[in-house]
Amino acid sequence: MNSLVSSTSLSQHTIKMLLKSAQAYVDSPQTRPCHGTVVNLFFENSTRTDLSFQMAAQRLGLQTLNFDVSHSSVNKGESLHDTLETLEALGVDIAIIRHKEDWPQQFADSDLNISLVNAGSGIFEHPTQALLDALTMKQHFGSVRGLTVTIVGDIKHSRVARSNYHILTTLGATVQFAGPDEFIAHDLTDVPWVSLDEAIETTDVLMLLRVQHERHEDSDVIQEYHGQYGLTEERLQKLNKDALIMHPGPVNRGVEICDAAMDDPRSRILQQVSNGVAIRMAVLDWCLQGGRRGKLVSA
Ligand code: CP
């Protein structure tokens, strides 16, 4: 059984296999039935990831269990590790976890025998988001190799930026960042930090990140954000005509992106959401491969 905890554990071969498998699900909604039980443990809010994992599991014919954190024994102080051991004892095959903490670090040497899927962990990683982003680029350009992808915004607090950086560079893209100096990530200082207004005319993909009000308190940065780092109507005119506009969602309209850019034919924001179901089908299918006894973190 496989787990997907960090994109850094995925080889180029595995990433390409997952993209190919997802594209097959896009092209043909018919699936061969899978067997297993999946539970979503969402300790943090979500619309896209939570629902698309549920849809993916249902389309694969998997059993899905409801885990409502607010009614669970987490509220009696049960730890995440003990919760996962309990799910393992119940016979759950895959636990899909969203958490405000960087929980995967705690489980690197764990003896848990349940497949774990990271559905967004603190500011650490969001690997299925990066996979669906790569699929969206591949569908338009034919290949990710050779693309220049400019990721704009709150890099420091962005699990999406971290996972995209690993997945896209593994596939041969050039990734660069833009945004306020306050949002430079000190673990990613090797990545070029560019001027948005210079990058906008040449980049192949402009990926705007959500300003995460919940992860920092510097309101001065947010007030000036749209004019300085948002995709304004003026910047939309300058954007390369073949470029893609992407955003993981949820969008702060008028902060990262203007309304006109949401509706622009270059926008792939809703296609990203659609691709999320296929990518998560591919990931769940892959997680179930190899039987119940397996490595916790593997690729
Ligand atoms: N992109 C993303 O993770 O969206 P949700 O928070 O709605 O799942």
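User: What is the strand order of the open sheet of four strands?
Analyst: Happy to walk you through this predicted model. The pairing in this open sheet is parallel. At its edges lie strand E2 (63-65) and strand E4 (115-121), each pairing on one side only. Reading across the four strands, the order is E2-E1-E3-E4.

User: How many bridges join strand E1 to E2?
Analyst: Strand E1 covers residues 37-42 and runs parallel to E2. One of the pairs puts valine 39 in E1 with leucine 65 in E2 as its bridge partner. The number of bridges joining E1 to E2 is three.

User: Which helix packs on the sheet, touching E1, E2, strand E3 and E4?
Analyst: Its direction makes about 175 degrees with that of E1. For comparison, helix H11 (residues 269-288) lies across E3 and E4, at about 130 degrees to E3. The helix touching E1, E2, E3 and E4 spans residues 48-59 and is helix H2.

User: Is strand E5 mostly covered or mostly exposed?
Analyst: Strand E5 takes in residues 148-152. A residue is buried when its relative accessible area is under 20%. Four of the five residues in E5 are buried, so by that cut-off the strand is mostly covered.

User: Which helix does the chain pass through from E5 to E6?
Analyst: E5 and strand E6 (residues 174-178) pair in the parallel sense over five bridges, with threonine 148 facing threonine 174 as its bridge partner in E6. The β-α-β crossover between these strands is right-handed. The chain makes that crossing through residues 159-170, helix H5.

Conventions
Residues are numbered from 1 along each chain as its sequence is written. This is a predicted model: local features need pLDDT of at least 70, side-chain atom pairs count only at pLDDT 80 or more; totals for chains, interfaces and linings use all residues. Side-chain values use heavy atoms; hydrogens and water are left out. Buried means under 20% relative accessible area, exposed over 50%, partly exposed in between (1.4 Å probe, protein chains only). Helices (H or I, at least four residues) and strands (E, at least two) are DSSP runs, numbered from the N terminus. Two strands pair if DSSP finds at least two bridges between them. A crossover is right-handed if, with the strands pointing away from the viewer, the path from the first strand over the helix to the second runs clockwise. Contact means heavy atoms within 4.5 Å. Axes are lines fitted to C-alpha atoms, for helices over the stretch in contact, and angles run from 0 to 180 degrees between N-to-C directions.
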